[in-house]
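Visitor: I am new to reading protein models. Could you take me through this one and tell me how the terms are used?

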Amino acid sequence: MHDMIPEDDNPYIDAFWKWLPDAYKDLRYLRITGGEPLATRNFMRLLDFVATNHNPNLTLVVNTNLCVPDKNLDMFFEKATTLLNAKTIKGLEVYTSMDTWGPQAEYIRDGLDIERLEKSVRKISTTFNVPIRIMVTFGLMSIFNFKTFIHKVMQLRRDGVDIMFNCARLVDPKQFDIRILPDSADKYFEETNDLIQNLGDMVKSVEKETWKMVYDFWKARNTTMTIEDREWRKSEFKKFIDEYDKRRNKNFKENFTELDGWI
């Protein structure tokens, strides 16, 4: 609704701006998480500060969903260009979140626009040549189209984008645990694991290692969860999707035909 989120008076923000000038010269890694930094004036103010204050050892890291209005993206590109051209810091990195690809990814993260995100990723790479890291929060809805996600990352990499992903299994809320999926989902885990192995060195070591933690967690599902716990989590998941579909005008059954009849 706004180009920038209105910010109330906040003593923590005031304290940050008092603290930053004294601490800045010793900072090595400054990561701005969120909410969404590109929707806040204080983040843009921070880019201006970094552009005019020399710290050759600092890496500035930004978490963003890259789906903010064009005005915000353009402002970020403009200020980041000024910052990098000034060479006042060591470097800039961009982190974004994506849990699979296509309509299923857009279902999981309400407001996500896949085409817009990919366009922004390519523009960042072309404009800044900075690393882009995708954080995958791997829940039960991630697996069915995850091969497409991997192929997309490989395609972007072949196109010259410095991009990498890492997986972390989703543990909370508990109803998104991959272990409650039906056994029929096993073929998707096996196909994804085979793809990662067959791609060899095209897949980075951290990508293989973090995927393996998810894969091993799935394979051990029958010995790490009771039947009662599984049924409770399934019940909670059904409550969630019923409310989510109603409140956000979505349709779980249309997006996840692989789970037709599961609940």
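Guide: Let us go through some terms, one question at a time, keeping in mind that this is a predicted model.

Visitor: How do you know that the span of helix 3 fits what is expected?

Guide: The expected span is 1.5 Å times one less than the number of residues. Helix 3 covers residues 70-86, which gives it 17 residues. Its reach from first C-alpha to last is 24 Å, close to the expected 24 Å.

Visitor: Which residues of helix 3 are called buried, and why is that word used?

Guide: A residue is called buried because its relative accessible area is under 20%. In helix 3, Asn 72, Leu 73, Phe 76, Phe 77, Lys 79, Ala 80 and Leu 83 are buried. Across the protein chain of 263 residues, 49% count as buried.

Visitor: What do the buried residues of helix 3 pack against?

Guide: Their partners are helix 2 (41-51), strand 2 (55-63), strand 3 (89-97) and helix 5 (114-128). Contact here means heavy atoms within 4.5 Å.

Visitor: What follows helix 3?

Guide: Lys 87 does, and its phi is positive, near 55°.

Visitor: How many helices and strands does the protein chain have?

Guide: There are 11 helices and five strands.

Visitor: What share of the contacts with a separation of 6 or more joins residues 24 or more positions apart?

Guide: Such pairs make up 83% of those contacts in the protein chain.

Visitor: What makes a side chain count as positive or negative?

Guide: Lys and Arg count as positive, Asp and Glu as negative. The protein chain has 39 positive and 42 negative side chains, with the centres of the two sets 2 Å apart.

Terms used:
Residues are numbered from 1 along each chain as its sequence is written. This is a predicted model: local features need pLDDT of at least 70, side-chain atom pairs count only at pLDDT 80 or more; totals for chains, interfaces and linings use all residues. Side-chain values use heavy atoms; hydrogens and water are left out. Helices (H or I, at least four residues) and strands (E, at least two) are DSSP runs, numbered from the N terminus. Buried means under 20% relative accessible area, exposed over 50%, partly exposed in between (1.4 Å probe, protein chains only). The place of a charge is taken as NZ of Lys, CZ of Arg, CG of Asp or CD of Glu.
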